[in-house]
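Trainee: Please take a close look at the largest pocket of this model and describe what forms its lining. I should then like to follow the elements around the other open and enclosed spaces.

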Amino acid sequence: MSHEPAPASAPSAASGHAVIEPLPAPLHGAATVPGDKSISHRAVLFSAMAEGTSRVSGVLDSEDVRSSIAAVSKLGAHVSLEKRPDGSLAGGITGWGAAGPKQPDGPIDCGNSGTTARLLMGVLAPWDIPVEITGDESLQRRPMRRITAPLMKMGARFEPGGRETLPVTEVGTRDLRAITYDAPMASAQLKTAVLLAGVYARGTTTLNEPSPSRNHTELMLPEFGVPTLSADRTASVTGPRTLQAAEVRVPGDPSSAAFLVCAAVLKAGSSIQVENVSLNTARIGFTRTLERMGADVSVRHAGAAGKEPYGIISACHTSNLHGCEVPADKIATIVDEVPVLALVAAHARGVTVFREVGELRVKETDRLAAVVEGLGLMGVEAYIDGNDLYVEGQPGLRAPQGVAFDSKGDHRLAMTWALAGLTGSVPVTVENFDSVKISYPRFLNDIERLAR
């Protein structure tokens, strides 16, 4: 077994912070990123629902995905996944199928994973067992009414009634009603919860959205034998059906790739390729935003894993970035990348506007306020007007000596502020850097290996 050298930017376990040193050289070469988090969650949950044993590979080994694995295990699925040399998980998952999940021996703790909690509500809706769903302190602040409201229309009950947040006890029903639901916001988690419940309802369940959201569920359900109709802003399933075991290969996570791509754009002399990454159009909006800023970024398709396209994202350092406007209907495709794109915008000439990004207020933390605060520490004028985020760029921007960012325990913010140090000229401190384990545990190792 080979041993990685310790990263130069080592987190301090005692203090919960990391001192991030500037990269010693430009980024060069090829990298892969861990499996896509959204697809990994679905691979685990759908396999648990299915009849028979599904084979899954490329599954992201992170705290969030392990929350989904633990949840389905408590509900009676048999999960037999092993760690592979590349750090991914692969193996078999035997689902509960038509028999349904078993009564767990206590609450299902979803940790920090909003995807686990929200999708689980749809998974449990067709079964008449009471299940308490809870999570950590951060997850207990995140809104759940957007999920419980349509599921209640279908016949599921949530106790205590009217509760907006976790913990909540769900009592499903074997007599779910199919519904047509106009979602108040574009949310793949909301869409998936309703569709998963709809698989077991009699008739056709349709969900309409104000703008497109991630479509991993619509692409994956047919792999499990459930025909799914989908178009630009609508998706539907007709039940009742039982999912059948499938084979799922999870491509690399574009949200993780975004951090390597943005690092290459910002670090002088850099030129990299991120390989085997999902090129789902609902997920690579960040590449189009970077192109709008004038960044040297390109995408090349290589194949498909099931119905999920994958390929290569190439990125080179770009010195003459300029501001741009990101319209509201594109935000759903970059919702996880807004913080790091805001950091890139801070280096661009002119103003960048992200329209209607209010959804960032209810992520792992209030990312909108955190971005403004962090950029402010760098001397960048960033502000919120209504639900719009404005960033006034400064070409040649450098972080000031001794700056300390607070990630607020949010993995996307931890990686964003780390890039301020990695691509800059002075070390920066990132509080609660450990939160990167939620989605990209080997982030520092990967980026520092490209700079050798």
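Mentor: A pocket is here an open set of grid points, on a 1 Å grid, with protein on both sides within 12 Å along at least five of seven lines, and a residue belongs to the lining if it has an atom within 4 Å of such a point. The model is predicted, and every value below is computed from it.

The largest pocket has a volume of about 780 Å³. Its lining comprises 31 residues, and those nearest the centre are P85, D86, G87, S88 and R442. Two or more lining residues come from each of the strands β3 (28-32), β4 (53-59) and β16 (271-278), and from helix α12. By class the lining divides into 12 nonpolar, 9 polar and 10 charged residues.

Helix α12 deserves a further step. The whole structure holds 6 aromatic pairs. One of them joins F259 and F443 in an edge-to-face arrangement, with 6.2 Å from centre to centre and 75° between the planes. F443 belongs to α12 (residues 443-449) and F259 to α7 (residues 254-266), so this pair ties together parts that lie 184 residues apart in sequence. Helix α12 therefore takes part both in this pair and in the lining of the largest pocket.

The second largest pocket has a volume of about 660 Å³. It is lined by 38 residues, of which A186, S187, V335, E359 and K363 are closest to the centre. Four helices, α1 (37-49), α3, α5 (188-198) and α11 (411-422), each supply at least two residues of this lining. The class division is 10 nonpolar, 12 polar and 16 charged. Next to α11 in the chain, the loop between β23 (404-406) and α11 contains K408, a residue that is not a glycine and yet has a positive phi of about 60°.

From α3 the path leads to α4. Helix α3 (residues 114-124) packs against α4 (residues 145-154) at an angle of about 5°, with the axes 10 Å apart. Angles under 35 degrees count as roughly parallel, and α3 and α4 are therefore roughly parallel to each other. The contact involves R118, M121 and G122 on α3, and I147, T148 and L151 on α4. These residues are 3 nonpolar, 2 polar and 1 charged.

Helix α4 also borders an enclosed space. The structure has 2 cavities of 30 Å³ or more. The second largest has a volume of about 40 Å³, and α4 gives the largest share of its lining, 3 residues. Among the lining residues is T148, which also takes part in the contact with α3. P160 is another of the lining residues. A cis peptide bond, with omega of about -5°, joins E159 to P160, and P160 lies in the loop between β9 (157-159) and β10 (168-171). The lining as a whole has 4 nonpolar, 3 polar and 2 charged residues.

The largest cavity has a volume of about 50 Å³. Its lining includes L266, H347, M378 and A420, and it divides into 5 nonpolar, 3 polar and 1 charged residues.

One further backbone feature may be noted. G239 and P240 are joined by a cis peptide bond with omega of about 0°, and P240 lies in the loop between β14 (234-239) and β15 (247-249).

Definitions and conventions. Residues numbered from 1 in each chain as written. Predicted model: local features only at pLDDT ≥ 70, side-chain atom pairs only at ≥ 80, totals over all residues. Heavy atoms only, no water. Axes fitted to C-alpha atoms, helices over the stretch in contact; angles between N-to-C directions. Parallel < 35°, antiparallel > 145°, perpendicular 65-115°, else oblique. Contact = heavy atoms within 4.5 Å. Nonpolar A, V, L, I, M, F, W, Y, C, P; charged D, E, K, R; others polar. 1 Å grid on protein atoms, 1.4 Å probe; cavity = no way out; pocket = protein on both sides within 12 Å on 5 of 7 lines; lining within 4 Å. Points joined across faces, edges and corners; volume = space filled by probe spheres on them. Phe/Tyr/Trp six-rings, centres within 6.5 Å; stacked < 30°, edge-to-face > 60°.
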